[in-house]
Amino acid sequence: MAATPQKVYDAFRTDESLGTWYMDGTTVEFQVGGSISFDGPEGSVRATFVELVPDARIVLDYSAPWWGRVAWELEATPKGTRVVLTHEGFEGREEWLDRFTWGWEAFLKALKAYVEGRPVK
């Protein structure tokens, strides 16, 4: 992404930023133990921040109807930031892999547009 790790990290901090690139109506309490919540197609979704390393790492634990641990790793590069997203916890739910793969791809594209100052939607 053609943006600094700080700019990518900051995209998770506010309701306004998350509502732009992540999900409409997202609310966030950006601190360890705080949460992200929104109403999605499957119902109300909540994720708890379990780790925050400024400008480097964000880890969330999702509960039903979404589930698993999602880690966002941010690494500075000469052209901006490399973002690696890892979603664990699919044991026994493998039928959801395609759906989450498509969803995270869409969110990564939206995040990229947002931090690069381009239209998201």
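**Close-up views of a predicted model**

**View 1. Surface and overall make-up of the chain.** The chain exposes about 6600 Å², and carbon and sulfur atoms supply 52% of this area. The model shown is predicted. Three helices and six strands are present in the chain, and from the N terminus on they follow the order α-α-β-β-β-β-β-β-α. Of the 121 residues in the chain, 40% are buried. Among contacts between residues at least 6 apart in sequence, 34% join residues at least 24 apart.

**View 2. The aromatic pair of phenylalanine 12 and tryptophan 72.** The count of aromatic pairs comes to eight. In one of them, phenylalanine 12 and tryptophan 72 meet edge-to-face, with 5.0 Å from centre to centre and 70° between the planes. Phenylalanine 12 belongs to the loop between α1 (5-10) and α2 (15-21), whereas tryptophan 72 belongs to strand β5 (residues 68-77); the pair thus links distant parts of the chain, 60 residues apart. Both phenylalanine 12 and tryptophan 72 are buried.

**View 3. The aromatic pair of phenylalanine 30 and phenylalanine 49.** The ring centres of phenylalanine 30 and phenylalanine 49 are 5.2 Å apart and their planes stand at 80°, so this pair is edge-to-face. Because phenylalanine 30 lies in the loop between β1 (27-28) and β2 (35-40) and phenylalanine 49 in strand β3 (residues 43-53), the pair ties together parts that are 19 residues apart in sequence. Both phenylalanine 30 and phenylalanine 49 are buried.

**View 4. A cluster of aromatic rings.** Phe12, Trp21, Tyr22, Phe38, Trp72 and Phe107 are linked into a cluster by ring pairs. Phe12 and Trp72, shown in View 2, are among the members of this cluster.

Note on methods
Residues are numbered from 1 along each chain as its sequence is written. This is a predicted model: local features need pLDDT of at least 70, side-chain atom pairs count only at pLDDT 80 or more; totals for chains, interfaces and linings use all residues. Side-chain values use heavy atoms; hydrogens and water are left out. Helices (H or I, at least four residues) and strands (E, at least two) are DSSP runs, numbered from the N terminus. Buried means under 20% relative accessible area, exposed over 50%, partly exposed in between (1.4 Å probe, protein chains only). Contact means heavy atoms within 4.5 Å. Accessible areas come from the Shrake-Rupley method with a 1.4 Å probe; for residues, only the protein chains shown count as cover. Rings of Phe, Tyr and Trp (its six-membered ring) pair if their centres lie within 6.5 Å; planes under 30 degrees apart count as stacked, over 60 as edge-to-face and the rest as tilted.
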